[in-house]
Amino acid sequence: RRSSDLPRPGGTQTVVLDLARGFSRRGEARPGTEPIEVTLVTQEARAWSEDGAQPFRIVRAPSSGELRRLIRDADLVHLAGPALGPLLDCVLARKKFVVEHHAFLVSCPNGQYFYEPAPSLCPGHFMAGHYGKCVECNSRVVGARTALAQLPLAGVRRWLCNRADVNILPTEWLGTLLKLERMKTIHHGIP
C-alpha cells in the first residue's frame, strides 16, 4: 500500500491497521475459533477510500461521550499509545486494557527522550526525579509554560499506564527506558 493511501501515514498507523485486520480475520486464519469483533477508533476525521473494505468497523473523530461509550462497551481496549483521555476512561470504567508504546511519553515529558540544547540522548532526568532538567530542556523547544504543563502529564500517563493489564513494547530496549509494570515485548510482525 502507498503511504498516501492511509489517512495519516506513519509507523503507528500501519501497525494498528495490520493488527485490526489480523484480529478481524482470526476466524479465517484459525478454523474453529470465534471471530473477534474489532472497532478501530481514530481521531482522524478524514475518511480513507478503503474504509468500507476493511473487515472491521471504523469510528472516526468520536465525541468524548461516544469514546467513553465505546470503551465501556468493549471487552478489551488496545491503546496505540498513552493518550490521557482514553487511559483515564479505561481506568474509571475498570476495563481490561493494554497500551502499546511507540515513544517515551511515560518517561520523558516531551516524548522524545532527547536532551536539548545538545541534542543528545537524555540520561533519564524524569525517571531520576530531576524535573528541573526536564523543564529546562523542554522550555527551549516549547516554552516554559508548556514545559511546566508537560511535566505532570507525563507523571499522570505513567500512573495510568501502570494500571494497564499489559504494557506492550516493540523492543526490549524500550522497556529499559520506560520501566513500567506488566511489560511484554511483542515485536511488530509482517502481515
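These legends describe an overall view and several close-up views of a predicted model. Because the model is predicted, local features need pLDDT of at least 70 and side-chain atom pairs count only at pLDDT 80 or more, while totals for chains, interfaces and linings use all residues. Residues are numbered from 1 along each chain as its sequence is written, and side-chain values use heavy atoms, with hydrogens and water left out.

**Figure 1. Overall view of the chain, with its eight helices and eight strands.** Helices (H or I, at least four residues) and strands (E, at least two) are DSSP runs, numbered from the N terminus. The C-alpha atoms fill a box of roughly 55 × 35 × 35 Å along the principal axes. The radius of gyration is 18 Å, which agrees with the value near 16 Å for a compact globule of 191 residues; the radius is taken over C-alpha atoms, and the globule rule is 2.2 Å times the number of residues to the power 0.38. Buried residues make up 38% of the 191 residues. Buried means under 20% relative accessible area, exposed means over 50%, and partly exposed lies in between (1.4 Å probe, protein chains only). The chain exposes about 11200 Å², and carbon and sulfur atoms supply 55% of this area. Accessible areas come from the Shrake-Rupley method with a 1.4 Å probe, and for residues only the protein chains shown count as cover. Among contacts between residues at least 6 apart in sequence, 40% join residues at least 24 apart; a contact means heavy atoms within 4.5 Å.

**Figure 2. The buried side of helix 3 (residues 64-73).** L67, L70 and I71 are buried in this helix. They lie on the same side of helix 3, because they cover an arc of only 100 degrees around the axis. The arc is that of the directions from the helix axis to the C-beta atoms. The packing partners of the buried residues of helix 3 are strand 1, strand 2 (57-60), strand 3 (77-79) and helix 4 (84-92).

**Figure 3. The buried face of helix 4 and the residue R94.** The buried residues here are P86, L87, D89 and C90. Seen down the axis of helix 4, they fall within an arc of 165 degrees and so line one face of the helix. Helix 3, strand 3, strand 4 and helix 7 (144-161) pack against the buried residues of helix 4. Just after helix 4, R94 has a positive phi of about 55 degrees.

**Figure 4. Three of the five salt bridges in the structure.** A salt bridge is a side-chain nitrogen of Lys or Arg within 4 Å of a carboxyl oxygen of Asp or Glu. R60 and D51 pair at 2.8 Å, N to O, and both residues are buried. In the pair of R69 and D73, the closest N and O atoms are 3.3 Å apart. R69 and D73 are separated by about one helical turn, because they are four residues apart in helix 3. An α-helix has 3.6 residues a turn, so residues three or four places apart point the same way. R69 is partly exposed at 32% relative accessible area, whereas D73 is exposed at 51%. E181 and R182 form another salt bridge, with 3.2 Å between the closest N and O atoms. E181 is partly exposed at 44%, and R182 is partly exposed at 41%.

**Figure 5. Surroundings of the buried residue S107.** S107 is located in the loop between strand 4 (97-100) and strand 5 (114-115). Its relative accessibility is 1%. Apart from neighbours within four places in sequence, S107 is in contact with Y113, F126, M127, L177 and L178.

**Figure 6. The exposed residue Q43 and its contacts.** Q43 belongs to the loop between strand 1 and strand 2 and has a relative accessible area of 54%. Residues up to four places away in sequence aside, Q43 touches A61 and P62. Q43 and R60 are 17 residues apart in sequence, with their C-alpha atoms 5.9 Å apart in space.

**Figure 7. A nonpolar surface patch formed by L19, F23 and I36.** Together the three residues have about 230 Å² of accessible area. Patches are made of residues with over 30% relative accessible area and no salt bridge; like charges are joined within 9 Å, and nonpolar side chains (Val, Leu, Ile, Met, Phe, Trp, Tyr) within 5 Å. I36 is in the loop between helix 2 (26-29) and strand 1 (39-42) and is partly exposed, with a relative accessible area of 30%.
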